[in-house]
Amino acid sequence: MTRQNTDIVIAGGGIAGLSAAAALGAAGFRVMLVSPDVPVTRGGDAAADLRSTAFLQPARALYERIGLWDRVAGQATPLEVLRIVDAHVTPEGGDPQVRDSREFHAGEIAETAGGPFGWNLLNWQVLGGLMDLLEGMDNVTLRFGTSVTGMVRRDAQAIVRLADGSSVTARLVIGADGRDSAVREAAGIGHDLTRYGQKSLAFVATHEVPHGNASTEIYVQGGPFTTVPLPDLEGKPASAIVWMNPGPETVRLAGLPEAEFNAAMRARACDWLGAMELASRRAMFPIIGLKAQALTAQRVALVAEAAHVLPPIGAQGLNTSLNDIVALVAALEGAPDPGAPEVLDRYAAARARDIGLRVQAIDLFNRVTRSGAPGLQALRLAGLRGLYGLAPLRRAVMRAGLAPVTGDPAQAVRRD
Ligand SMILES: Cc1cc2nc3c(=O)[nH]c(=O)nc-3n(C[C@H](O)[C@H](O)[C@H](O)COP(=O)(O)OP(=O)(O)OC[C@H]3O[C@@H](n4cnc5c(N)ncnc54)[C@H](O)[C@@H]3O)c2cc1C
């Protein structure tokens, strides 16, 4: 088979891989993206990704720059209010009861400049916008139906082997191939894995009470129940929901008949949204934490879930991934050789600390909030009250995720 040649090979056709391809294509590089499956861009398809992503402001800035935002903005719901609810199930059981709640408005912090915290989109909608955008880029080649199986790395280039027997020569290989990254493994980069024993259900539901463009996170031992606002569905208010629980409980909920599931959902939402109805299938995701032991190796850069996986709390996962892409593009800009050691060092320096902090913070948060231990439950409530009772601290928390990321390591760490 002939060997093709390009500047950059990207492994992975998820949102991160496609976003990286669009950003690097827009920066003028010749890019080849390799992924086993064609992205699913219709919500009705059985394989559609029903998760939603609350894109925070730096993600929007990236998407504006590469020409994606205009394609998807019409489907986005602004996130104007964050509501955090602490609830409790007594040892005797029964429905969760609210112990305390706090509301935060985007207008309270300067970084939003009068705008919302972020914009919520269903993942399949974002994939659709990215595919449309990439189809118009002559310097980006999409190779679906095959995958990266290995590579040989040399000083000046890498030879990437694909499952169809062909190979591609590139100066940089980007691993955007998810949590089980083949690129990470082929580059000999180890990883630290945390299994939480939790699983989440992601689905869409309609509800009686309008959401008022608010995202509500309801914490109970076991894991949070998070609603993120969507446009009305057939005239009814709708939200994307992520419901985390210990694994066996999630499996039980996934198998409940719909009417029973609807009742369980309403109780778990502490009646905040009134009567609720399932409006999609229920997709199940194991919850893990993962951190690659390095972000780069010779001729290789890792981004997104190949580099870090976070439990789905506080809209951090994909937003952190898009920050990787912003930093990688900044490190590559103007570089004659996109895989040169100094370029990779710039990227790693820009991202390592921020990723480490987020992985640690979300890990700690998940351990505290899922615990049923009375001491930790009291801590959760005290933390909620303390954190949000003090105005400067509260503003700092709300700024989380809003700080822009640049290629400059000094700028890459949050300003709060
Ligand atoms: C329930 C849930 C809710 C979430 N909600 C949010 C949220 O609100 N906000 C947020 O920011 N994040 C959120 N996240 C996280 C976010 O969904 C993920 O970070 C994101 O989907 C991962 O994207 P990715 O492109 O890195 O990986 P993936 O989507 O896993 O893509 C990996 C791609 O690589 C391909 N691939 C695999 N192996 C190979 C190979 N050998 N060669 C080539 N390609 C390969 C796969 O086929 C796939 O296309 C959530 C996560 C979960 C589980």
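**Close-ups of strand β14, its hairpins and a pocket**

**View 1. The turn between β14 and β15.** In this predicted model, β14 and β15 form a hairpin with two residues between the strands, and E234 there has a positive phi near 45 degrees. E234 sits in the loop that links β14 (223-233) to β15. As a general backdrop, most residues other than glycine have a negative phi. Is E234 buried or exposed? E234 has 82% relative accessibility, so this residue counts as exposed. Behind the turn, β14 and β15 run antiparallel and share seven bridges. One pair to look for is P229, which stands opposite S239 in β15.

**View 2. The other side of the story for β14: its hairpin with β13.** Strand β13 (residues 214-220) is joined to β14 by five bridges, again in the antiparallel sense. Y219 has P224 of β14 as its bridge partner. This hairpin has two residues between the strands, and G222 takes a positive phi near 110 degrees. As for cover, eight of the 11 residues of β14 are buried, so the strand is mostly covered by the under 20% cut-off on relative accessible area.

**View 3. C270, in the loop after α7.** Here's another non-glycine residue with a positive phi: C270, near 55 degrees. The loop in question lies between α7 and β16 (276-278). Where E234 is exposed, C270 is buried, with a relative accessible area of 17%. That value falls under the 20% cut-off, which is why C270 gets the buried label.

**View 4. The second largest pocket.** How much space lies in this pocket? The figure is about 280 Å³. It has 16 lining residues, and V89, P96, W243, E249 and R268 are the ones closest to the pocket centre. Elements that each bring at least two residues to the lining are β6 (93-105), β15 (236-246), α6 (247-254) and α7 (258-268). If you're thinking about chemistry, the lining splits into eight nonpolar, four polar and four charged residues.

**View 5. Zooming out to the whole protein.** The close-ups come from a protein with 12 helices and 20 strands. Of its 416 residues, 54% count as buried. Take the contacts between residues at least 6 apart in sequence: 72% of them join residues at least 24 apart. The accessible surface comes to about 16800 Å², with 53% of that belonging to carbon and sulfur atoms.

Definitions and conventions. Residues are numbered from 1 along each chain as its sequence is written. This is a predicted model: local features need pLDDT of at least 70, side-chain atom pairs count only at pLDDT 80 or more; totals for chains, interfaces and linings use all residues. Side-chain values use heavy atoms; hydrogens and water are left out. On a 1 Å grid over the protein atoms alone, a cavity is a set of points where a 1.4 Å probe fits but cannot get out, and a pocket is an open set with protein on both sides within 12 Å along at least five of seven lines; lining residues have an atom within 4 Å of a point. Grid points are joined across faces, edges and corners, and a volume is the space filled by probe spheres set on the points. Helices (H or I, at least four residues) and strands (E, at least two) are DSSP runs, numbered from the N terminus. Ala, Val, Leu, Ile, Met, Phe, Trp, Tyr, Cys and Pro count as nonpolar, Asp, Glu, Lys and Arg as charged, and the others, Gly among them, as polar. Buried means under 20% relative accessible area, exposed over 50%, partly exposed in between (1.4 Å probe, protein chains only). Contact means heavy atoms within 4.5 Å. Accessible areas come from the Shrake-Rupley method with a 1.4 Å probe; for residues, only the protein chains shown count as cover. Two strands pair if DSSP finds at least two bridges between them.
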